[in-house]
Amino acid sequence: MCGIVGYVGKERCVEVLMQGLGHLEYRGYDSAGLALHEGSGIESIREVGRLENLGRTVAARNGHLSRLRAGIGHTRWATHGRPSQENAHPQVGGEGSVAVVHNGIIENFAELKEELLERGVRFGSETDTEVMAHLLAERIEGNPGEPLREALSGVLGRLEGSFAVAAVSAAEPGVVVAARHQSPLVVGLGNGENFLASAVQALLGETREFLVVENGEVVEVTDASVRIFTQDGEPVEREPFEVDWDAEAVELGIYEDFMMKEIHEQPEALRATLSGRLDAGGGVDLSEMGLDLSGIDRIVVVACGTALHAGLLGKGLIERLARVPVEVAVASEYRYSDPIGDENTLVVAISQSGETTDTLAAVGTARAFGGKVLAVTNTRGSLITREADAVLLTQAGPEICVASTKAFAAQVAVLDLLALNLARVKGTIGEDELLSLGRDLRRAPEKVAATLALLEGKIGDAVELFEDARCSLFLGRGPAFPAALEGALKLKEISYIPSEGYAAGEMKHGPIALVDEQCPVVAILGEGTLREKTLSNVEETAARGANVIAIAREDDPAAERVGRVVLSVPDAPEILRPLVWTVPLQLLAHDVATDRGLDVDKPRNLAKSVTVE
Ligand code: M6R
């Protein structure tokens, strides 16, 4: 939550900062701001609302800003203080001679604020960040000649909470400093210029070479150097890493929004995620994990939101194929639980961003019983990769839209691989059947692409059923139940229509009371033994006036019978069905939201990386 960018180098600071913020806007979009070294001072500019508002203000400054060479920028997801100009970052101290941008929460800010107020400091905002700006200004004033990075280290020693922070001071033109504790921060390396950002996505148009800043470190960036220090001031040597994501991956291309682009990138996300891990004969190779799974007798999945739904799908398959019990825990609950487990428990932490605070904390909780931790993440070098014993990267490419789509598909594919691998290690399934399932899984990109093609231009009738909707129910059984949960989450987070995912059989124990003409029911009919049961449950809703949208395989006569609208998907091997069912649910959520004139990429109140508790 919140995006930070920093730049030092050529006469293009504002351009780089604004572009970088544009690529980080998914992290928060309540307000945005810049602090720029200008002559012997710092110029701060802040605007409420989307980045385009800040862009207009910058453009109105007669272009002189375009020649500045160093500064920091911020896009905000409000934690302390409503979205307003005063609460926007940068926050300044020392009469504007020091400016700070921050991602995270300073938990002891109230005590620090009281202390500063007693010393006569005047506050202009309700933010926790402002205490940092004042403390830094005081420190600089009290220690003339002390390097800014040392002053920042001194201030950090007083802070509790999580943060990535960047700062500039009028006393050190051409220098940007930053530090990190729990919130992400990377340095981008350039030629005669260097960069800082919360995530590599911000800088893909500038560089592919990055340095990670670790917890507790402070970094000093100039046009010619990047120096990392421990909080005690010891220099740190850090090897750069290369990022292979394309700059185009963070551009819209032919699409109107990132959600639609990312839905259509699912075949490629699946292909890249399976590549090298599944051979033509269906053999799985997850040796990259370096984990011996033979002694594992229990699995705990910790995750949030969409990643949790992927975990539920993983549970079904792992338990069925490998006969290892799997608990799927909401990370924000698990972190405060008294967990059960031992060294034979595998903890699978799933997180697209690899930064989600609750998921990271849940991993910490699981450590208490000595289990091995496997991270499934889309973000190389993210916090979770450093907390885990082993990592399986999903290869979905950067996901920009707040609503997760292609990352979900890739997470499901990784969990499918894990299930097959575990079944082989445990010997619970014969080799032929395992290989056959592996060959089925190889068809995931093809089947998802076929689903997209089949549904092209077919969502409109279903969208119409949502025109007067006051709520909606998503129903499924077996593997269709987690898919229903995911469909409901997608719809509610971007269209703001209250939506619930329910196990179809559970519906008559309460939620059926919601059903009428204004509560469309989205039913994933599924296959096999549960299909007939699901159909009966759906009939029960139709009998009470529900407008049913049936997700069913092509040419399914029962679907035509119960559904006002049928969204057909291709017939697919069992292991691929959840991936195939999810596609119409994603498209439906997208089209319902855009039909209501909503911004699907940046739904209200949300941010993509949830780095606060
Ligand atoms: O980055 P993570 O996978 O840890 O994020 C978890 C959730 O915050 C995320 O999936 C969220 O639920 C999405 N907005 C869903 O579309």
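**Surroundings of the ligand and two backbone features**

In this predicted model, the ligand is surrounded by 15 residues, a residue being counted if one of its heavy atoms lies within 4 Å of the ligand; the closest are S351, Q352, S353, T356 and E493. Residue numbers start from 1 along each chain as its sequence is written, side-chain values use heavy atoms without hydrogens or water, local features need pLDDT of at least 70, side-chain atom pairs count only at pLDDT 80 or more, and totals for chains, interfaces and linings use all residues.

The shell around the ligand consists of six nonpolar, seven polar and two charged residues. In this grouping, Ala, Val, Leu, Ile, Met, Phe, Trp, Tyr, Cys and Pro are nonpolar, Asp, Glu, Lys and Arg are charged, and the others, Gly among them, are polar. Domain 2 (256–442) and domain 3 (455–613), with bounds from an automatic or database domain assignment, both contribute residues to this shell, so the ligand lies between them.

Several N or O atoms of the protein lie within 3.5 Å of the ligand, the limit for a polar contact. A polar side-chain atom of T356 is 2.4 Å from a ligand oxygen atom, and a side-chain N or O atom of E493 is 2.4 Å from an oxygen atom of the ligand. For S404, a backbone N or O atom lies 2.8 Å from a ligand oxygen atom. The protein buries 90% of the 410 Å² that the ligand exposes when taken alone, with areas from the Shrake-Rupley method and a 1.4 Å probe.

Two backbone features were also identified. H89 and P90 are joined by a cis peptide bond with omega of about 10°. E95, although not a glycine, has a positive phi of about 60°. Most residues other than glycine have a negative phi, and most peptide bonds are trans.

Methods
Polar contact = N/O pair within 3.5 Å; in protein donor to acceptor, adjacent residues only side chain to side chain.
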